[in-house]
Amino acid sequence: MPLKPKRPCSINGCPELTNGRYCEKHQKEIDRQYNKERQPLMKRRYGRAWKRIRDRYIKAHPLCEECLKNKKTTPANEVHHIKPLSKGGDSSDENLMSLCSSCHSTITAKEGGRWG
């Protein structure tokens with residue numbers, strides 16, 4: 001299957017072509033800026049322990065739970081906290097759900113997550 005053609009980086013004046021929104025150089029700058037703005041408590045919550053919990057959960061639940069409700073089978077690649085950690089949630093299996101990127105973005109946007 002052919003790949004999509006690369007497109008220009010979203011930073012004005014950048015001549016680089018990319019498969020994503022930003023070229024590699026600018027993506028690193030965007031990530032660095034996001035991590036500066038991120039609260040120190042959130043940095044600690046999503047460390048190595050979270051990665052182990054996430055990997056274990058996604059191995060046990062490989063399909064998107066939202067898509068399954070709609071009778072679709074989509075591979076999950078993200079794990080979502082049903083009750084956010086910032087609102088007293090935890091990382092127990094009862095508070096987690098495996099989601100595809102699309103469903104996770106939709107739920108996060110409705111809750112006012114990363115982008116407010």
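The legends below describe close-up views of a predicted model.

**View 1. Overall arrangement of the chain.** The chain holds 5 helices and 4 strands, which follow one another in the order β-β-α-α-α-α-β-β-α. It consists of 116 residues, of which 23% count as buried. Among the contacts with a sequence separation of 6 or more, 35% join residues 24 or more positions apart. The accessible surface amounts to about 8,900 Å², and carbon and sulfur atoms account for 53% of this area.

**View 2. The pairing of strands β3 and β4.** Strand β3, residues 78-81, runs antiparallel to β4, and the two are paired over 4 bridges. Within this pairing, Val 79 lies opposite Ser 98 of β4. Strand β4 comprises residues 96-99, with Leu 96 and Ser 98 pointing to one side and Met 97 and Leu 99 to the other. The residues on both sides of β4 are buried.

**View 3. The two sides of helix α5.** Helix α5 spans residues 101-111, and its buried residues are Cys 103, His 104, Ile 107 and Thr 108. Because these residues cover an arc of only 130 degrees around the axis, they fall on the same side of α5. Elements that cover them include α4 (65-69), β3 and β4. On the face turned away from the buried side, α5 carries the exposed residues Ser 102, Ala 109 and Lys 110. Gly 112 follows the helix and has a positive phi, near 75 degrees.

**View 4. The surroundings of His 104.** His 104 is located in helix α5. Its relative accessibility is 18%, and the residue therefore counts as buried, the limit for this class being under 20%. Apart from neighbours within four places in sequence, His 104 contacts Glu 78, Val 79, His 80 and Leu 99. Val 79 is also the residue that stands opposite Ser 98 in the strand pairing.

**View 5. The largest nonpolar core and a separate second core.** The largest nonpolar core has 7 residues, namely Cys 64, Cys 67, Met 97, Leu 99, Cys 100, Cys 103 and Ile 107. Strand β4 and helix α5 each contribute at least two residues to this core. Another core, of 6 residues, lies apart from it and includes Tyr 57, Ile 58, Ala 76 and Val 79. Cys 100, a member of the largest core, touches Cys 64, Cys 67, Thr 74, Pro 75, Ala 76 and Asn 77 when residues up to four places away in sequence are not counted. Among these partners, Cys 64 and Cys 67 belong to the largest core, whereas Ala 76 belongs to the other core.

**View 6. Helix α3, its length and its buried side.** Helix α3 is formed by the 13 residues 48-60. At 1.5 Å a residue the expected span is 18 Å, and the distance of 19 Å between the end C-alpha atoms agrees with this value. Trp 50, Tyr 57 and Ile 58 are buried in α3. They lie on the same side of the helix, because the arc that they cover around the axis is only 95 degrees. The exposed residues Arg 48, Arg 52, Lys 59 and Ala 60 occupy the face turned away from that buried side. Tyr 57 and Ile 58 are also among the residues of the 6-residue core.

**View 7. Leu 63 in the loop between α3 and α4.** Leu 63 is situated in the loop that links α3 and α4. With a relative accessibility of 32%, the residue counts as partly exposed. Its contacts, neighbours within four places in sequence left aside, are with Leu 68, Thr 73, Thr 74, Pro 75, Ala 76 and Ser 98. The C-alpha atoms of Leu 63 and Cys 100 are 7.8 Å apart, although 37 residues separate the two along the chain.

**View 8. Lys 71 and its positive phi.** Lys 71 belongs to the loop between α4 and β3. Most residues other than glycine have a negative phi. Lys 71, by contrast, has a positive phi, near 60 degrees. This lysine counts as exposed, because its relative accessibility is 77%.

**View 9. Gln 27 in helix α1.** Gln 27 is part of helix α1, which covers residues 24-37. The residue counts as partly exposed, since its relative accessibility is 28%. Gln 27 and Cys 9 are 18 residues apart in sequence, and their C-alpha atoms are 9.4 Å apart in space.

Note on methods:
Residues numbered from 1 in each chain as written. Predicted model: local features only at pLDDT ≥ 70, side-chain atom pairs only at ≥ 80, totals over all residues. Heavy atoms only, no water. Buried < 20%, exposed > 50% of the residue type's maximum accessible area, 1.4 Å probe, protein only. Pairing = 2+ DSSP bridges. Arc of directions from axis to C-beta. Contact = heavy atoms within 4.5 Å. Areas by Shrake-Rupley, 256 points an atom, 1.4 Å probe, with all protein chains shown as cover. Expected span 1.5 Å × (residues − 1). Core = buried A, V, L, I, M, F, W, Y, C linked by side-chain atoms within 4.5 Å.
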